[in-house]
Amino acid sequence: MTQRGERLGERALVLGGSLAGLLAARAVAPHFDEVILVDRAAFDGGPAPRMSAPQTFHLHVLLKGGEQAMEALAPGFLARLEASGSVPLDPGHDFFSASELGVAKPFETPMRVHGQSRWLLEHCLRAQVLEGTGNLTFRTGETVRGLLYNAERGAVEGVRLEGSDGVEDALTGDLVVDASGRGEGAIRWLKALGLEEPPVETVKVSFGYASTVVRLRPDAARSWKAVVVGNLPRDGARGGVLMPIEDGRHICSLGGRAGDYPPDDEAGFLAFAKALPNPELYEALAGAQFEAPISKLIYPANRLRHYEAMAQRPEGFVPVGDALCSFNPTYGQGMSSAALQAKALSEALAGAGSLQDRLEAYLARAAEVVRLPWRQANYNDFLYPTTEGDRSMFTPEEMTYRTQVQMAALRDDRVREWSAAVQHLLMPFERLLEPEVRERVAAALAA
Ligand SMILES: Cc1cc2nc3c(=O)[nH]c(=O)nc-3n(C[C@H](O)[C@H](O)[C@H](O)COP(=O)(O)OP(=O)(O)OC[C@H]3O[C@@H](n4cnc5c(N)ncnc54)[C@H](O)[C@@H]3O)c2cc1C
């Protein structure tokens with residue numbers, strides 16, 4: 001149940017009932033008499049991918065930083081996920097990883113991760129949040145069309161909603177949280193009111209995905225549970241991942257950049273996999289039964305909206321999740337970033353001062369929270385010549401050092417652990433700049 005916190009208002013509205021919205025609803029619930037979560041989609045109960053969030057058809061990795069934040073906000077979520085068929089994975093022994101450098105050696109790690117479909121993960125989180133939040137109402141099949149704005153106060157005071165019958169309605173709230181994803185919704189709503197838009201940073205990656213669900217042919221000799229195969233960064237680099245999900249099946253996503261996209265017919269999908277630098281993934285797919293149509297999606301650009309830097313921010317309105325920052329999915333950071341932002345919102349609301357003081361504190365904290373995944377994604381994307389953006393966000397020294405850490409992690413267990421902690425959003429990148437790590441990286445490269 002929701003632990004009551006200091007009361008900050010009568011009603012909070014959360015726009016978008018996907019991961020960020022569910023977690024933000026948990027974050028705000030202790031401080032308001034009621035929370036209304038609104039989504040344009042009709043959720044029909046069972047776990048299933050949905051067109052209203054088309055990324056749900058694709059492979060989703062949950063990083064440890066995000067997993068911990070989700071569990072902190074919705075206690076019992078992980079137990080529910082595990083009870084629903086999520087597959088426990090040992091990253092050191094259960095993954096077959098290969099590139100032109102060869103096949104990665106197994107390693108020991110206490111870390112365990114979860115393998116499941118995005119739709120099961122979302123379903124479990126939704127059930128956990130709805131069951132555990134007594135003052136939360138989930139209104140589905142309603143589309144947000146705009147914001148209610150009080151110009152005298154300079155504050156957002158609610159939203160305009162359109163029901164599935166086309167009828168418009170107004171809903172007021174002391175706080176409006178935008179969790180409507182990476183689209184332009186909030187930007188349109190602010191523009192329509194003649195309000196300032198947040199400054200935006202964009203890095204164009206043009207990453208094309210194709211994904212499907214397969215049932216592998218049983219093979220007693222198979223020693224892996226998941227496969228990751230990809231080219232080293234270069235023009236024309238391709239990659240593919242096969243991960244176990246619930247019900248004894250696997251999800252496979254293939255990807256390429258700048259027009260070199262995997263096709264959505266089975267023969268083309270297999271041919272794309274065959275061109276990867278190691279045959280393991282292709283061979284597994286070639287003997288598998290395809291159990292879902294192949295879904296395609298082109299991810300255009302990493303995008304960070306700097307709400308914290310707006311000169312005239314409307315009061316009572318904050319973003320969370322992809323609405324604030326969205327990254328190339330290859331690095332598996334989006335859900336975790338959303339969860340860490342929602343945790344930051346929970347912590348800021350538990351702070352001191354007026355509601356607006358606490359929202360300002362949240363925006364500053366959220367900007368810090370997204371800095372790590374934002375820079376991780378852009379560093380990795382700038383290794384590819386086709387990426388377009390402000391490369392000066394990294395000095396040549398930082399680009400070189402980050403690459404050295406990756407190389408050293410292949411040779412030194414301690415460096416691999418540090419690097420994995422950063423990759424899983426458990427530790428800031430700056431920790432890798434400390435002398436102890438630098439010395440270890442240099443020694444590993446010299447060995
Ligand atoms: C191909 C692909 C693969 C990915 N893989 C990973 C991965 O491996 N790991 C990872 O962590 N992340 C991954 N991501 C990113 C992840 O999907 C997102 O970061 C995450 O879903 C963000 O959640 P969100 O709640 O902010 O937005 P969304 O999940 O996009 O949800 C937005 C919600 O708002 C609703 N909505 C939108 N507009 C309105 C409106 N006007 N009115 C009412 N409702 C509205 C939508 O119906 C939707 O439910 C991937 C993304 C893609 C595209």
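## The shell around the ligand

In this predicted model, 38 residues surround the ligand, and the closest of them are Gly16, Ser18, Gly181, Gly321 and Gly334. Sorted by class, the shell around the ligand holds 17 nonpolar residues, 18 polar residues and three charged residues.

Several elements build this shell, since helix 1 (19-28), strand 2 (32-39), strand 8 (143-150), strand 17 (295-305) and helix 8 each supply at least two of its residues. Helix 8 gives the largest share, which amounts to four residues. The shell also draws on two domains, with at least three residues coming from each of domain 1 and domain 2.

## How the chain is divided

The chain is divided into three parts: domain 1 (9-82 + 119-201 + 302-379), domain 2 (89-116 + 204-299) and domain 3 (395-446). As the ranges show, domain 1 is written as three stretches of the chain and domain 2 as two stretches, whereas domain 3 is given as a single stretch.

The centres of domain 1 and domain 2, taken over C-alpha atoms, are separated by 30 Å. Where these two domains touch, 15 residues of domain 1 are in contact with 17 residues of domain 2. On the side that belongs to domain 1, helix 2 and helix 4 (118-132) are the elements that give two or more residues, and the residues of this side divide into eight nonpolar, five polar and two charged.

## Helix 2 against helix 8

Two helices already mentioned, helix 2 (residues 64-73) and helix 8 (residues 334-349), pack with their axes 8 Å apart and at an angle of about 40 degrees. Helix 2 and helix 8 are therefore described as oblique to each other, and their crossing is left-handed.

From helix 2, the residues in this contact are Gly65, Gly66, Ala69, Met70, Ala72 and Leu73, and they meet Met335, Ser336, Ala339, Leu340, Ala342, Lys343 and Ser346 in helix 8. Taken by class, the contact of helix 2 with helix 8 has eight nonpolar residues, four polar residues and one charged residue.

## Helix 12 and its two partners

In the part of the chain assigned to domain 3 (395-446), helix 10 (residues 396-409) and helix 12 (residues 435-446) have axes that come within 9 Å and cross at roughly 60 degrees. Helix 10 passes helix 12 in a left-handed crossing, and the contact is made by Gln404, Val405, Met407 and Ala408 of helix 10 together with Val441, Ala444 and Leu445 of helix 12. By class, this contact of helix 10 with helix 12 has six nonpolar residues, one polar residue and no charged residues.

Helix 12 also packs with helix 11 (residues 413-423), at an angle of about 130 degrees and with the axes 9 Å apart. That angle makes helix 11 oblique to helix 12, and the crossing of helix 11 and helix 12 is left-handed. Here Arg414, Val415 and Trp418 in helix 11 meet Val437, Arg440, Val441 and Ala444 in helix 12, and the residues of the contact divide into five nonpolar, no polar and two charged. Val441 and Ala444 of helix 12 therefore appear in the contact with helix 10 as well as in the contact with helix 11.

Conventions:
Residues numbered from 1 in each chain as written. Predicted model: local features only at pLDDT ≥ 70, side-chain atom pairs only at ≥ 80, totals over all residues. Axes fitted to C-alpha atoms, helices over the stretch in contact; angles between N-to-C directions. Parallel < 35°, antiparallel > 145°, perpendicular 65-115°, else oblique. Left-handed = near helix turned anticlockwise from the far one by under 90°. Contact = placed C-beta atoms within 7 Å. Nonpolar A, V, L, I, M, F, W, Y, C, P; charged D, E, K, R; others polar. Near = placed C-beta within 6 Å. Domains from an automatic or database assignment.
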